[in-house]
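Colleague: I am new to this structure and would like to understand how its aromatic rings and helices are described. Could you show it to me, and then let me ask about the terms one by one?

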Amino acid sequence: AVVSTQSGHYGRALSTCPSLQILSERFGALRGCAGRLVELYRSLGNANVRQLIRWAYRIRAYLTHHLTVVTKEVFLEALDCFCSWQSSREYRYSAALKIGTFLNMSRDKVDDFMATYKPPIAPSLTHYVVGRATLPRKQVGGGFVRSLKSFWCLSFWSYP
């Protein structure tokens with residue numbers, strides 16, 4: 001498949017070389033680990049270049065000037081970019097194990113994370129911030145709902 005890096009339209013999975021070239025050109029700070037990122041992307045099978053680009057864009061923010069990366073955040077971003085759209089819990093779990101292995105996380109650590117992680121919820125007067133999403137608070141009778149009782153949250157990442 002042909003990918004246009006100028007227009008920002010990314011489609012189906014590409015071979016490793018064009019994917020590596022896209023990461024190296026667009027995200028110079030990731031050049032040293034681009035090969036490993038592409039290796040993970042290719043191992044996931046259902047992933048596409050758009051997801052790879054989104055993941056690269058997000059994780060470059062976690063690089064310090066010493067080129068170290070925070071594993072938990074990179075893991076979370078990979079789950080979000082490569083798995084969040086999948087309805088199958090089995091697929092999400094399988095992908096989480098591959099991602100965890102890529103990041104040198106033990107199976108127990110991945111299992112624990114998948115079972116217990118819940119994004120932080122920060123309420124304000126007019127909205128809630130859940131993870132990176134901002135949700136408006138419901139207005140009832142001239143005021144805003146004060147509790148999270150009407151706000152439901154499933155453990156999306158938990159597995160069977």
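Modeller: This is a predicted model, and a search of the whole structure finds four aromatic pairs. One of them is formed by Trp 55 and Phe 82, with 5.3 Å centre to centre and 70° between the planes.

Colleague: What makes Trp 55 and Phe 82 an aromatic pair, and why is the pair called edge-to-face?

Modeller: Ring centres must lie within 6.5 Å to pair, and planes over 60 degrees apart count as edge-to-face; the pair has 5.3 Å centre to centre and 70° between the planes, so both conditions are met.

Colleague: Why does the pair of Trp 55 and Phe 82 tie together parts that are apart in sequence?

Modeller: Trp 55 lies in helix α3 (residues 49-59) and Phe 82 in helix α4 (residues 71-83), so the pair joins parts that are 27 residues apart in sequence. Both Trp 55 and Phe 82 are buried, and together with Phe 102 they form one aromatic cluster.

Colleague: What makes the pair of Phe 75 and Phe 113 edge-to-face?

Modeller: Its planes are 80° apart, which is over 60 degrees, and its centres are 5.1 Å apart, which is within 6.5 Å, so the pair earns that name. Phe 75 lies in helix α4 and Phe 113 in helix α6 (residues 107-116), so this pair links parts that are 38 residues apart in sequence.

Colleague: Which residues of α4 and α6 meet?

Modeller: Lys 72, Phe 75, Leu 76 and Leu 79 in α4 meet Val 110, Phe 113 and Met 114 in α6; by class, this contact has six nonpolar, no polar and one charged residues.

How values were computed:
Residues are numbered from 1 along each chain as its sequence is written. This is a predicted model: local features need pLDDT of at least 70, side-chain atom pairs count only at pLDDT 80 or more; totals for chains, interfaces and linings use all residues. Side-chain values use heavy atoms; hydrogens and water are left out. Rings of Phe, Tyr and Trp (its six-membered ring) pair if their centres lie within 6.5 Å; planes under 30 degrees apart count as stacked, over 60 as edge-to-face and the rest as tilted. Helices (H or I, at least four residues) and strands (E, at least two) are DSSP runs, numbered from the N terminus. Buried means under 20% relative accessible area, exposed over 50%, partly exposed in between (1.4 Å probe, protein chains only). Contact means heavy atoms within 4.5 Å. Ala, Val, Leu, Ile, Met, Phe, Trp, Tyr, Cys and Pro count as nonpolar, Asp, Glu, Lys and Arg as charged, and the others, Gly among them, as polar.
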